[in-house]
Amino acid sequence: MKPRRGNSAAWPALALPYFWLLVFFLAPFLIVAAISLGQSAIGIPPYTPPLVFAGGPVPALAVNLGNYALLLGDSLYIRAYLNSLAFAGGATLLCLLLGYPMAYAIARAPRAWRNPLLMLVILPFWTSFLIRVYAWIGILKPNGLINNLLLAGGLVDQPLPLLNNAFSVELALVYSYLPFMILPLYATLERLDPALLEAATDLGCRPLRAFLAVTLPLSLPGIAAGCLLVFIPAVGEFVIPDLLGGPDTLMIGKVLWDEFFINRDWPVASAVAIAMLVLLVAPIALAQRALGRGGEAA
Amino acid sequence: MTARRAPLLLAVLALGYLFLYAPIVSLIVYSFNASRLVTVWAGFSTRWYGELLGNEAIRDAAALSLEIAAMAATLALVLGTVAGFVLARRRRFAGRTLFVFMTTAPLVMPEVITGLSLLLLFVALEDILGWPAGRGIETIVLAHATFGMAFVAIIVQARLAAFDRSLEEAALDLGARPWKVLFVVTLPLIAPSLLTGWLLAFTLSLDDLVIASFVSGPASTTLPMVIFSSVRLGVSPQINALATIFVVIVSVLVLIASWLTLRRNRGHDAPA
């Protein structure tokens, strides 16, 4: 792209968002990393940093790896970590299995229908996340909607345990993050040229084979973007395991929250955050590429 | 080709939308239930709406949340629009990779991490600079503006990628100054995207529990915090009534926004 005189004047403005993000997005992570090496203490704020400026010109370095040792030593943290991976991975897969047919159906709908159908997918996302998760309590609890219907229909003798277990957590994860899967899938499927499928059919491909050989490979960028948009936030989810989870469904986001708000142990909470970031760094880098490509092509 | 598969696709859509909307519909239905036991139907009543409106804690928190969301969304709109222009039109500059990373990572970053890291930043800043003094509305607005701007930036970038630049060139050739072109040609043409971005940032702020809980102070309880503590104690009919009001307002706003977008795009260039 050739440089245009129309823009040159505006470029000092570039510094504004850049500086903002450096201060409010990047710098905080460095502070979290520093405090994860600090020591919990009684006071305000409730920690001593790893660098102590105690009068002398050279700060005393007091690196404390104890927080990380705690994460590795206590099975609670490891279990929460593995649980988060399993729940987020399962939710990603289920969102893909549910979202792909939906995105496909919307992309193949008559042109005038597509935008309203897409709007219907986005609409729940605009209403409160917290309230949508809360809605499932009323549906799943022992005297809730589903169990009342099952009992009234004589299908079960006593209420099914649907709430505060792995089932309710996974269900709410899929429910909450499904739109994030459908949108990027729709974007790639909608752009797909129907002539390619017609060519495959004309050449004697059966529908399933045409789908596997043409549609599926061409929609891989959308699949990648959708999976990352679901997986990454799902790993760190707090509200869902807190409201719909039970003792067996501890997730890393809830552990972080409890360390911070209940134990008031800021250094351990920071170490949990860093451990989560280490896990997510590769997916986030991939997401950035997938989203960047989508944004440029849109 | 599609005729044979149309019933199957329709069934898929019907099931999918049933899954997406059944919980919301159940909230709305039970908000008109006379019984305190949310899921046992005991006749139609608007009692919970009355109690909700009389609930001072919820009223105050809602007012505070709206105020925070308006400020955060406006700040996010300004920052995110500039960032979107940079992403779409500045292909090469030192540190572009870092900039792209910083504008896309907040979209997916787990909220507990963002919340904790911003809190620690505010504490460190107060320690070093004496600002911000304590935490409250100000720190929540700063935090919400930061993740809101990432969403605005993506929307503006996508819109600019589909933008017909010959209009800007025509204005420049006719002697308009670059700043004038920006305000008279470019920004009015992308106004629907700017509105969408502002609304999205507004909604995200209004909806946020986790980040606000980390960076709020004792005197700044937002609406999601009140909802959360009430929901933690079990289902409450007042929250159902609140949810219904939420859904109605959001639906109306989204319908107006999409109608405006449709109307503007008709006769202008292609939609983003």
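**Close-up views of chains A and B in a predicted model**

**Figure 1. Contacts within chain A of this predicted model.** Among the contacts in chain A between residues at least 6 apart in sequence, 69% join residues that are at least 24 apart. The chain that holds these contacts has 14 helices and 4 strands, and buried residues make up 46% of its 298 residues.

**Figure 2. The helices of chain B.** Chain B is built with 12 helices and 0 strands, so that a reader who follows the sequence meets the pattern α-α-α-α-α-α-α-α-α-α-α-α. The C-alpha trace of chain B spans about 70 × 70 × 30 Å along its principal axes. Of the 272 residues in chain B, 44% count as buried, and of the contacts in this chain with a separation of 6 or more, 77% are accounted for by residues that stand 24 or more positions apart.

**Figure 3. The contact between chain A and chain B.** Where the two chains touch, 78 residues are taken from chain A and 74 residues from chain B. On the side of chain A that touches chain B, the largest share comes from helix H2 of chain A, residues 15-35, which supplies 14 residues. Sorted by class, that side of chain A has 60 nonpolar residues, together with 14 polar and 4 charged ones.

**Figure 4. The crossing of helix H2 of chain A and helix H3 of chain B.** This view turns to a pair of helices, one from each chain, namely H2(A) and helix H3 of chain B, which covers residues 56-89. The axes of the two helices come within 8 Å and cross at roughly 110°. Because angles of 65 to 115 degrees count as roughly perpendicular, H2(A) and H3(B) are described as roughly perpendicular to each other. The crossing of H2(A) and H3(B) is, in addition, left-handed.

**Figure 5. Residues that meet where H2(A) and H3(B) touch.** Which residues of H2(A) meet H3(B), and which residues of H3(B) do they meet? From H2(A) come Leu16(A), Pro17(A) and Trp20(A), and they meet Leu79(B), Val82(B), Ala83(B) and Val86(B) in H3(B). By class, the contact of H2(A) with H3(B) consists of 7 nonpolar residues, with no polar and no charged residues.

Key
Residues numbered from 1 in each chain as written. Chains lettered and ligands numbered in written order. Predicted model: local features only at pLDDT ≥ 70, side-chain atom pairs only at ≥ 80, totals over all residues. Buried ≥ 20, exposed ≤ 12 C-beta atoms within 10 Å, placed from the backbone. Contact = placed C-beta atoms within 7 Å. Nonpolar A, V, L, I, M, F, W, Y, C, P; charged D, E, K, R; others polar. Axes fitted to C-alpha atoms, helices over the stretch in contact; angles between N-to-C directions. Parallel < 35°, antiparallel > 145°, perpendicular 65-115°, else oblique. Left-handed = near helix turned anticlockwise from the far one by under 90°.
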